[in-house]
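Colleague: Got a minute to walk me through this model? I'd like to jump between sheets, helices and the odd backbone spots.

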Amino acid sequence: MTRLNSALQKPHLLPLLATLIATPSLASDTDVSNTVNYSTDVIYQIVTDRFLDGDSGNNPPPAMFDSSCNNLKKYCGGDWQGIIDKLNDGYFSDMGITALWISQPVENIHGALNDAQGSTSYHAYWARDFKRTNPYFGTFNKFDTLIQTAHNLGIKIIIDFAPNHSSPASSDDSSYAENGRLYNDGVLMGGYSNDSANLFHHNGGTDFSTIEDGIYRNLFDLADFNHENQQMDQYLQEAIALWLDKGVDGIRVDAVKHMPLGWQKKWMSAIYKHKPVFSFGEWFLGSNEVDPANHDFANNSGMSLLDFQFAQTTRKVFRDQTADMRALDQMIQATSSSYQEVIDQVTFIDNHDMDRFQQTGVNQRRIEQALAFTLTSRGVPGIYYGTEQYLTGNGDPDNRAMMPNFNQTTTAYKVIKALAPLRKSNPALAYGDTQERWSNSDVYVYERQFGSSVVLVAINRSSSQSYNLTGLFAALPQGNYPDILTGKLNGNSIDVSANGAVTPFNLSSGEVGVWQYTASETQPKLGHVGPMMAAPGDTLTLDGRGFGNTGAVQVGATNAQVLSWSDTQVKIQIPTISAGTYSVKLTTSNGQSSYPDLDVLTGPQKSVRFILENGYTQWGEAIYLVGNTPELGSWDPNKAIGPFYNQVVEQYPNWYQDVSVPTNTQLQFKFIKKNGNQVIWESGSNHQLNAGSNESTIRVNWQ
């Protein structure tokens with residue numbers, strides 16, 4: 001189950017009453033800068049070049065540009081001015097969109113590849129300078145205008161960011177494109193050929209056979225960064241800080257599966273120290289793929305993920321109809337157990353790396369139902385540009401066509417417009433658990449509930465069969481409830497009796513009905529805490545309902561300094577406490593609510609490569625690392641770091657892993673061999689490392 005069932009207790013509050021009385025009522029901070037919690041938002045993903053050409057003066061030269069956008073490997077002219085224009089004319093606000101995820105804004109390579117289509121970096125993933133803008137999107141001044149325009153409308157800006165690689169490169173041909181060359185605000189740092197600074201990996205291209213292979217070899221032909229290089233590490237940290245300081249509200253991190261978890265955790269801890277923003281990564285999963293490593297990353301890296309399990313199941317059920325409606329609830333329940341913070345995972349039905357959801361000649365009701373399901377489900381809904389206009393296209397680049405129009409009368413647009421605002425007004429959608437109420441192969445009726453607030457949804461995907469829904473119960477209070485979609489998908493009102501029984505009704509073919517009840521809370525109820533990885537002194541944001549205008553917050557048993565307080569949001573500073581996992585408790589004179597599993601770090605982090613030599617193993621055994629800090633598992637074999645790798649950077653019997661560890665800390669550690677429940681420890685004294693040193697690699701022998 002999710003952690004959304006916060007404990008609500010009224011007794012035993014005396015230890016905190018003195019703190020409550022002493023805490024002043026602080027003003028609410030409700031502006032767009034509250035960016036850690038996105039569960040109340042709806043994200044709209046834009047491939048910047050494919051949205052709208054607002055300024056023809058910044059279009060690329062003819063060799064890179066196709067004004068008609070017939071060659072989808074060329075630039076088509078979309079830019080930040082185009083997004084600003086649609087912000088100003090209300091296209092996003094009218095749809096209920098509250099966050100825009102735009103293409104990576106950094107300078108990319110200039111020129112086209114020498115291939116059949118003259119491929120360009122229109123997608124913005126071939127970076128050359130992370131500290132400068134892509135001139136074909138706009139200048140820094142134009143980016144400032146984009147941020148300010150969005151913020152004035154209460155809309156957040158999320159940037160794509162790809163710290164895994166620069167541009168296409170060749171180890172044999174230094175003249176190939178720009179050959180991965182990387183610049184630091186115009187100053188050349190180095191390139192893939194003659195890489196004397198060791199900025200890149202040189203282990204060949206990945207075959208995707210293992211996670212290790214994907215991390216330490218090149219993704220396709222892209223020059224792969226060596227994140228353990230101190231110059232590279234500092235550069236990427238400075239670069240993201242630059243964009244955070246420009247006012248961005250969130251980060252979508254590209255290719256997280258292809259970078260060391262240890263480095264990413266260290267990088268995220270620095271981001272949260274600089275400016276805590278919502279961050280989510282891309283870990284691609286195929287149609288029937290469920291990967292425990294994906295869950296582990298979301299639970300331990302400090303960032304959320306694009307929820308491919310959600311997307312692939314939704315596509316199978318609605319788009320391809322290769323699974324029945326029961327698969328939706330199975331996915332919802334399975335992921336609620338797998339992801340510690342399931343409401344922070346970004347849900348979607350298609351994106352720039354997948355075939356478009358809408359298929360040519362296929363009934364549009366399928367995509368309309370999928371949108372309704374996404375917008376009323378747990379997680380952070382994301383909508384790919386053009387979905388509301390029923391754009392089609394299979395494969396790259398056909399799934400990235402130019403935005404055809406900005407019609408606000410399509411049914412898909414109206415469905416988004418009706419449901420998106422509900423995520424802010426009814427906390428059941430933002431924070432609630434999901435309960436199946438009625439289902440068969442064609443029908444899924446589910447309920448979201450948080451405190452006394454409720455949303456009930458019924459979907460019939462059949463194109464020909466209607467169903468009489470009898471024996472349906474809901475948590476809705478007695479009364480008559482109109483359809484929130486006002487019949488856009490053929491829904492009608494329902495009646496609920498005093499015992500929660502819903503008067504039997506007919507759910508017609510293709511119908512979707514959404515009914516809701518919103519209640520105020522007199523007792524505090526936490527719905528979200530973030531970020532869930534922090535260090536003493538960092539800012540933590542608590543969201544929910546019923547907080548009143550004053551109270552106290554504890555992290556574990558330690559009182560935290562309150563920075564701001566409102567009925568729906570509280571900000572605190574993490575107190576000076578030992579590293580570990582803590583419950584966050586919010587207390588008012590009316591009660592207490594808690595939220596578990598906040599990961600408090602020892603302090604600032606650095607990434608260290610641990611190498612074990614001569615670690616001979618028997619079949620089934622794997623090497624793990626365990627040590628004296630929570631980052632190293634606190635000597636608990638069940639929390640040890642691993643399994644270690646032994647194929648690319650080091651080969652068996654040597655093992656290696658890049659690990660995030662606290663700086664300025666005397667580390668003690670040992671390696672262990674694990675085979676199921678069997679654990680074999682090294683003998684001898686503990687290995688030691690002063691993490692305050694400049695050392696980024698430590699190499700020891702198995703004892």
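Colleague: Is strand 32 mostly covered or mostly open, and how many of its residues are buried?

Modeller: Mostly covered: of the ten residues in strand 32 (residues 591-600), seven are buried. Bear in mind that this is a predicted model.

Colleague: OK. Which way does strand 31 run against strand 32, and how many bridges join them?

Modeller: They run antiparallel, with eight bridges joining strand 31 (residues 580-588) to strand 32. The two make a hairpin with two residues between them. If you want a place to look, Leu586 is opposite Ser593 in strand 32.

Colleague: And in what sense does strand 25 pair with strand 32?

Modeller: That pairing is parallel, over two bridges, and strand 25 covers residues 533-534. Met533 sits opposite Asp599 there.

Colleague: Switching to the eight-stranded sheet. What's the strand order?

Modeller: The order is 13-12-11-6-3-2-15-14, in an open sheet with parallel pairing. At the edges you find strand 13 (304-305) and strand 14 (346-347), each pairing on one side only.

Colleague: How many bridges join strand 11 to strand 12?

Modeller: Four, between residues 250-253 of strand 11 and residues 278-281 of strand 12, running parallel. Gly250 faces Phe278 of strand 12 in that pairing.

Colleague: What about the four-stranded sheet, which order does that have?

Modeller: That open sheet goes 16-17-18-23, with antiparallel pairing. Strand 16 (433-439) and strand 23 (512-517) are at the edges with a single partner strand each, so each has one side without a neighbour in the sheet. On average, neighbouring strands of this sheet are turned by 15 degrees against each other, ignoring direction.

Colleague: How many bridges are there between strand 16 and strand 17?

Modeller: Six, in the antiparallel sense, with strand 17 spanning residues 443-450. One to click on is Gln435, whose bridge partner in strand 17 is Glu447.

Colleague: Now the aromatics. How many aromatic pairs does the structure hold?

Modeller: It holds 43 aromatic pairs. Take Phe308 and Phe348: their ring centres are 5.0 Å apart and the planes are at 85 degrees, so that pair is edge-to-face. Phe308 is in helix 9 (residues 308-319) and Phe348 is in the loop between strand 14 and helix 11 (365-375), so the pair ties together parts 40 residues apart in sequence.

Colleague: Are Phe308 and Phe348 buried or exposed?

Modeller: Both Phe308 and Phe348 are buried.

Colleague: Which residues make up the aromatic cluster?

Modeller: Phe130, Phe161, Tyr192, Phe200, Phe225, Tyr235, Trp263 and Trp267 form one cluster.

Colleague: Which charged residue lies over the face of Tyr122?

Modeller: Arg50 does, 3.8 Å from the ring centre. Elsewhere, Lys86 lies over the face of Phe406, at 4.2 Å from the ring centre.

Colleague: Back to helix 9. At what angle does it pack with helix 11?

Modeller: About 145 degrees, with the axes 10 Å apart. The crossing of helix 9 and helix 11 is right-handed. From helix 9, Phe310, Thr314, Phe318 and Arg319 meet Arg366, Gln369, Ala370, Phe373 and Thr374 of helix 11.

Colleague: Is Thr314 buried or exposed?

Modeller: Thr314 counts as buried, at 0% relative accessibility. Beyond its neighbours within four places in sequence, Thr314 has contacts including Leu328, Met331, Ile349 and Phe357.

Colleague: Last topic, backbone oddities. Where is there a cis peptide bond, and what is omega?

Modeller: One joins Asp396 and Pro397, with omega about 10 degrees. Pro397 is in the loop between strand 15 (380-384) and helix 12 (411-419). A cis bond also joins Gly642 and Pro643, where omega is about 5 degrees, and Pro643 lies in the loop between strand 34 (622-627) and strand 35 (655-662).

Colleague: And which residue other than glycine has a positive phi near 50 degrees?

Modeller: Ser634. Ser634 is also in the loop between strand 34 and strand 35, and is partly exposed at 39% relative accessible area. Thr486 has a positive phi too, about 45 degrees, and is not a glycine. Thr486 sits in the loop between strand 20 (479-481) and strand 21 (494-496) and counts as exposed, at 59% relative accessibility.

Notes:
Residues numbered from 1 in each chain as written. Predicted model: local features only at pLDDT ≥ 70, side-chain atom pairs only at ≥ 80, totals over all residues. Heavy atoms only, no water. Pairing = 2+ DSSP bridges. Phe/Tyr/Trp six-rings, centres within 6.5 Å; stacked < 30°, edge-to-face > 60°. Buried < 20%, exposed > 50% of the residue type's maximum accessible area, 1.4 Å probe, protein only. Lys NZ or Arg CZ within 6 Å of the ring centre and 35° of its normal. Axes fitted to C-alpha atoms, helices over the stretch in contact; angles between N-to-C directions. Left-handed = near helix turned anticlockwise from the far one by under 90°. Contact = heavy atoms within 4.5 Å.
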